[in-house]
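Please look over the assembly shown below before reading on. The paragraphs that follow lead through it one region at a time.

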2 protein chains.
Amino acid sequence: MDERVPRDFETLRATILDRRASLPKRIAQIAAYALDNPDDIAFGTAASIAASAGVQPSTLIRFAQQLGFDGFTSLQQVFRERLRERNSSYDERLAALRAKAEDGGGHRAIFDGFVAAASTSLGDISRSLNDAHFEEAVALLAKAETIYVLAKRRSYPVASYIAYALGKLKIRNQLVESAAGLNAEMIGFATPRDAVIAISFSPYAPATIEETRSIAEQGVPIVAITDSSFSPLAQFAKVWFEVAEADFGGFRSISATMALAMALTVAVGEKRREAGRRRKG
Amino acid sequence: MDERVPRDFETLRATILDRRASLPKRIAQIAAYALDNPDDIAFGTAASIAASAGVQPSTLIRFAQQLGFDGFTSLQQVFRERLRERNSSYDERLAALRAKAEDGGGHRAIFDGFVAAASTSLGDISRSLNDAHFEEAVALLAKAETIYVLAKRRSYPVASYIAYALGKLKIRNQLVESAAGLNAEMIGFATPRDAVIAISFSPYAPATIEETRSIAEQGVPIVAITDSSFSPLAQFAKVWFEVAEADFGGFRSISATMALAMALTVAVGEKRREAGRRRKG
DNA sequence: TACGGATTGGAATTAATATTTCATATTGAC
DNA sequence: GTCAATATGAAATATTAATTCCAATCCGTA
């Protein structure tokens, strides 16, 4: 393999288009097939692809070799990489930034890293949020008398913002955070007519889990925001959201969680206003 | 393979979540890995995936078999299918989302709005942040004995995250938030060898301004994060940052502020480590 | 603590897949 | 039309990867 081997899909595509006129018949056939069905190249085996394209496996390999690859396998990597990038082109940017930050790219790199981590997380949640779950959570919270907000440590800032926003929207709420150790009593007042927003990420704060369990046992419906389907919060929750936050420099972003929390809060406010209008009108 | 083998990713996911409690340790480990890194399953070989997940290839196969597949290969098909579908239908999904949001299709639009506001704010700050100011602020904070963190209301979540992160980095700090009205006393302890991070946005919380003024008069250097050069905070600060946050539904994003705050914190941690090494070496 | 069953690790085996080889066919030049 | 160069097909081989198997370990139970 010399250095002019296409490493990314776009270069590869350009190279193929450039040479197609001078390619032998069967090679041209497989070239056309490759550009038309890139997904098949990414996932198929040499034999299956060759069959779909109507050529021999050996032709496929010759095609790869003419492009400078040392075999079909290396060619296939480019097609796989393309699929990966589509889904998470941000991850690579992040990795690059991390590298830059590490070898002394100054402190600006750290800032860029956090911005990139936040953007990545926002992109991810935007793609993965389930509308039905969201509606369900909003409905559940909108009919609560009091909304309890439960979070410690890294998630606490989110909880405090939710509490602030709920307050502004005149929705009765209780931030469970007592430094005086009165959380158990505070939680004790919750009834099934209330609701809870619980937020916790790995490593899950034991207090949050304990409090969530205890409030769940009182029959209070719970909306959880957490980071994995294996989170202990998930089992207690009526509705739960999985939020994957990118991290940088050992600290995870919380921007996706924030966006979700804000959206929930404001949507609950909306829903209540709608319900209020219906009752009056 | 009986008929209950999951054929699509969502069913598979649900099945795994359903059974997770009853799975043996290593199987659970690979299950968690699979749901967290679906792309790796799609592209990897049994050996490479097993290695990343920290188990033996045989465990991976047992996992597949427990789910009803007849081997790893069939399981992998489901993960590959998911990637194919996602890519082919991404544009359609996006278009559908927009249409739905437009004709009042529920609360998803609110969520999208917050994500957009956060993204916009991140883009803005990324463009406008002044590197020299950033370095100056980091230098100033890095040599402080104690970092005081000052913010109320909407900015309070940021302050609480800063305090959390500083604590993790073992940097002495004091979050000025006492509900008991002891802020004045707390601030009284600050000396010119300390430093302050003050955060406030219009409408500026009178308490924040008052406290910032008083601490500035004691000769304590201040780094301010605020939203305009006319901000009352700016006049007290040694260094200040102007952060323009987009708003949605009456609530402003705080993601840009968060990113800046995190970057400051981590950069201060870095700088201290560097200084520590120099002293020792 | 000893037993039995379930689980796991790691090597051996088997299956699959890519690549090479070689005989045959095609093409283009003279 | 013949020759040489090139391209192609098909089968043989080499490589890589999936699966199986068995011994060791762990875990719950008596």
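How do the residues of the surface near DNA strand C divide into nonpolar, polar and charged? In this predicted model, that surface holds eight nonpolar, seven polar and two charged residues. Among the 17 residues around DNA strand C, the ones that come nearest are A:Ala46, A:Gly71, A:Phe72, B:Pro24 and B:Ser58. Two or more residues of this surface are given by each of helix 4 (46–53), helix 5 (57–66) and helix 6 (72–87) of chain A, and likewise by helix 2 (25–36) and helix 5 (57–66) of chain B.

From the DNA we turn to the contact between the two protein chains, which takes 45 residues from chain A and 48 residues from chain B. On the side of chain A that touches chain B, helix 3 (38–43), helix 6, helix 8 (108–128), helix 9, helix 10 and helix 13 (255–280) of chain A each supply at least two residues. Helix 8 of chain A provides the largest share of that side, with nine residues. By class, the side of chain A that touches chain B is made up of 26 nonpolar, nine polar and ten charged residues.

The nonpolar cores can be considered next. The largest nonpolar core has 129 residues, of which A:Ala259 and B:Ala259 touch the most other members. Leaving aside residues up to four places away in sequence, A:Ala259 touches A:Leu122 and A:Ile125 as well as B:Phe114, B:Val115 and B:Ala118. A second core, separate from this one, has 43 residues, including B:Ile30, B:Ala42, B:Phe69 and B:Leu75.

Chain A also contains an open sheet, in which five strands follow the order 2-1-3-4-5 with parallel pairing. Strand 2 (173–176) and strand 5 (239–242) of chain A stand at the edges and have a single partner strand each, so that one side of each is left without a neighbour in the sheet. From one strand to the next, the twist averages 15°. Within the sheet, strand 1 (residues 147–151) of chain A runs parallel to strand 3 (residues 195–199) of chain A and is joined to it by five bridges, and A:Ile147 stands opposite A:Ala195 in strand 3 of chain A. Helix 9 (residues 131–142) of chain A packs on the sheet, where it touches strand 1, strand 3, strand 4 (222–226) and strand 5 of chain A, and its direction makes about 135° with that of strand 5 of chain A. Helix 10 (residues 156–168) of chain A also packs on the sheet, touching strand 1, strand 2 and strand 3 of chain A, with a direction that makes about 160° with that of strand 1 of chain A.

Some loops of chain A deserve attention for their backbone geometry. In the loop between strand 1 and helix 10 of chain A lies A:Arg153, a residue other than glycine whose phi is positive, near 50°; because A:Arg153 has 18 C-beta neighbours inside 10 Å, it counts as partly exposed. A:Lys170, in the loop between helix 10 and strand 2 of chain A, is not a glycine either and has a positive phi of about 60°; with 8 other C-beta atoms within 10 Å, A:Lys170 is exposed.

Cis peptide bonds complete the tour. One joins A:Ser202 and A:Pro203, with omega about -5°, and A:Pro203 lies in the loop between strand 3 and helix 12 (206–217) of chain A. In chain B, a cis peptide bond joins B:Ser202 and B:Pro203, with omega about -5°, and B:Pro203 is found in the loop between strand 3 (195–199) and helix 11 (206–217) of chain B.

Notes. Residues are numbered from 1 along each chain as its sequence is written. Chains are lettered from A and ligands numbered from 1 in the order in which they are written. This is a predicted model: local features need pLDDT of at least 70, side-chain atom pairs count only at pLDDT 80 or more; totals for chains, interfaces and linings use all residues. Two strands pair if DSSP finds at least two bridges between them. Helices (H or I, at least four residues) and strands (E, at least two) are DSSP runs, numbered from the N terminus. Axes are lines fitted to C-alpha atoms, for helices over the stretch in contact, and angles run from 0 to 180 degrees between N-to-C directions. Two residues are in contact if their C-beta atoms, placed from the backbone, lie within 7 Å. A residue is near a molecule or strand if its C-beta atom, placed from the backbone, lies within 6 Å of it. Ala, Val, Leu, Ile, Met, Phe, Trp, Tyr, Cys and Pro count as nonpolar, Asp, Glu, Lys and Arg as charged, and the others, Gly among them, as polar. A residue is buried if 20 or more other C-beta atoms lie within 10 Å of its own, exposed if 12 or fewer, and partly exposed in between; C-beta atoms are placed from the backbone. A nonpolar core is a set of buried Ala, Val, Leu, Ile, Met, Phe, Trp, Tyr and Cys residues joined through C-beta atoms within 7 Å.
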